[in-house]
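Okay, thanks for coming, everyone. I'll put the structure up on the screen, and then I'd like to walk through a few spots with you.

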Amino acid sequence: MAKRFSADKYVEGILAGDRVMLSRAITLVESRLASDLDLAQDVINQVLPHAGKSVRIGITGVPGVGKSTFIEAFGNYLIQAQNKKLAVLAIDPTSQRTGGSILGDKTRMESLSVNPQAYIRPSPAGKSLGGVTRSTRESIILCEAAGFDAIIVETVGVGQSETAVHAMVDFFLLLMLAGAGDELQGIKRGIMEMADAIAITKADGENAMKAKAARAEYQNALHLYPVAASGWLPKVSVCSAMEQTGLDTIWQTIDSYLELTHQNGFFEKKRHDQNLQWMYEAIRQGLEDNFYAHQQVKDQLAGIADEVKAGRKSAFAAAAELLRLV
């Protein structure tokens, strides 16, 4: 069992930039133990006034697009060229069979993981459908309080439920491959409508020309979507993590977006709306946790579930019966 400290001890270490204490605090907020919940919230409340000063960047993309490779190259660029202190919250897929997770991002980002200006925290997605863990929001706050001024949230992949990351970041970057084929259209549209920018990756070697052609196609497609509430027209660029090209253009795009949204007030409004959305999500999660923790539900859930599996009771009637117990 991980060692627990007082809330003041966690806060003191986080504000001092202690990586070990930051990691322990993130472990605390990831805990599902009821005994850890109050302590975790105490820590969050104390560090909250020191958070909120970073740029939060969500990065997602189709399988095989090279998210970790891109993030390592882009992260090193932010540190070296933009003098940023970077935290990467990398969400790894969790097996629905075993509950296990590879948590391999630190091994995939070798140079970034040893950079003293970077902090990489891999976390299992668990049962979250959104490709982000339930504690990712709190982890962002902790990293900001620890002095990181750029936060990258890497998600497990693209799907309609992946849009959860959009509710916790300032800028949403979609990575795409050139020539991926029409079979991906179904999962692209929903994400593309929310993307603040699209980057065509692996634009090197024989793929360079394909990437440039794809850029023009995607830029034309984005013009067909309604104008975003931010007033921003999403940009499409090409990049190569291997050749270290196009990374500066992507940062310039992010910087231009931030400048526009700060000027027109959208940035602050979005942050406020996200805070409210986080509250409602916490309520929903709390109600679910309380439901499954209820003793009568624990006693009867297995038996009622067996009746549903056997077809003797409808799922809706079973759910209503269980909900009446709380």
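So, to start: how many salt bridges does the count come to? It comes to 10. Before I go into some of them, one reminder: what you're looking at is a predicted model.

Let's take Arg32 first. Arg32 makes a salt bridge with Asp289, and the closest N and O atoms are 3.2 Å apart. Arg32 sits in the loop between H2 and H3, while Asp289 is in helix H11, so this pair ties together parts that are 257 residues apart in sequence. As for how open the two ends are, Arg32 is exposed, at 57% relative accessible area. Asp289 is partly exposed, at 26%.

Next one: Arg56 with Glu144. Here the closest N and O atoms of the salt bridge are 2.8 Å apart. This pair also links distant parts of the chain, with Arg56 in strand S1, residues 55-61, and Glu144 in helix H7, 88 residues apart. Are these two buried or exposed? Arg56 is buried, and Glu144 is buried as well.

The third one stays inside a single helix. Arg284 and Glu288 form a salt bridge with the closest N and O atoms 3.0 Å apart. Both residues lie in helix H11, 4 residues apart, which is about one turn of the helix. If you want the general background, an α-helix has 3.6 residues a turn, so residues three or four places apart point the same way. On accessibility, Arg284 is partly exposed at 40%, and Glu288 is partly exposed at 33%. There's a further partner here too: Glu281, Arg284 and Glu288 are linked in a network of salt bridges.

While we're on H11, let me show you something without charges. Which residues make the nonpolar surface patch of about 520 Å²? Those are Leu276, Met279, Tyr280, Ile283 and Leu287. Take Ile283 from that set: Ile283 lies in helix H11, which runs over residues 266-293. With a relative accessibility of 43%, Ile283 counts as partly exposed, since the exposed class takes over 50%.

Okay, now to helix H3, back toward the start of the chain. H3 covers residues 34-47, so that's 14 residues, and from the first C-alpha to the last it reaches 21 Å, close to the 20 Å expected at 1.5 Å a residue. Which residues of H3 are buried? The buried ones are Asp36, Leu39, Ala40, Val43, Ile44 and Val47. They cover an arc of only 140° around the axis, which puts them on the same side of H3. Flip to the other side of H3 and you find Ala34, Asp38 and Asn45, which are exposed. And what covers the buried residues of H3? The cover includes helix H1 (7-15), helix H2 (19-30) and helix H7 (136-145). H7 should ring a bell, as Glu144 of the salt bridge with Arg56 is in that helix.

Helix H9 can be read in a similar way. H9 is residues 208-222, 15 residues, with a reach of 21 Å from first C-alpha to last, close to the 21 Å expected at 1.5 Å a residue. Its buried residues are Ala211, Ala214, Tyr218, Gln219 and Leu222. These cover an arc of only 135° around the axis, which puts them on the same side of H9. Over on the other side of H9, Met209, Glu217 and Asn220 are exposed.

Let me zoom in on one of those buried ones, Ala211 in helix H9. Its relative accessible area is 0%, so Ala211 is buried. What does Ala211 touch, leaving out residues up to four places away in sequence? Ala211 is in contact with Ala178, Ile200, Ala203 and Val238. And if you like C-alpha distances, Ala211 and Met176 are 35 residues apart along the chain, with their C-alpha atoms separated by 9.4 Å.

Last stop, just past H9. Ser230 is found in the loop between H9 and strand S7 (235-238). Buried or exposed, what would you guess for Ser230? Ser230 is buried, with a relative accessible area of 4%. Leaving out residues up to four places away in sequence, Ser230 touches Tyr257, Leu260, Thr261, Asn264 and Phe266.

That's my tour, happy to take questions.

Definitions and conventions: Residues are numbered from 1 along each chain as its sequence is written. This is a predicted model: local features need pLDDT of at least 70, side-chain atom pairs count only at pLDDT 80 or more; totals for chains, interfaces and linings use all residues. Side-chain values use heavy atoms; hydrogens and water are left out. Helices (H or I, at least four residues) and strands (E, at least two) are DSSP runs, numbered from the N terminus. The expected span of a helix is 1.5 Å times one less than its number of residues. Buried means under 20% relative accessible area, exposed over 50%, partly exposed in between (1.4 Å probe, protein chains only). The arc is that of the directions from the helix axis to the C-beta atoms. Contact means heavy atoms within 4.5 Å. Patches are made of residues with over 30% relative accessible area and no salt bridge: like charges are joined within 9 Å, nonpolar side chains (Val, Leu, Ile, Met, Phe, Trp, Tyr) within 5 Å. Accessible areas come from the Shrake-Rupley method with a 1.4 Å probe; for residues, only the protein chains shown count as cover. A salt bridge is a side-chain nitrogen of Lys or Arg within 4 Å of a carboxyl oxygen of Asp or Glu.
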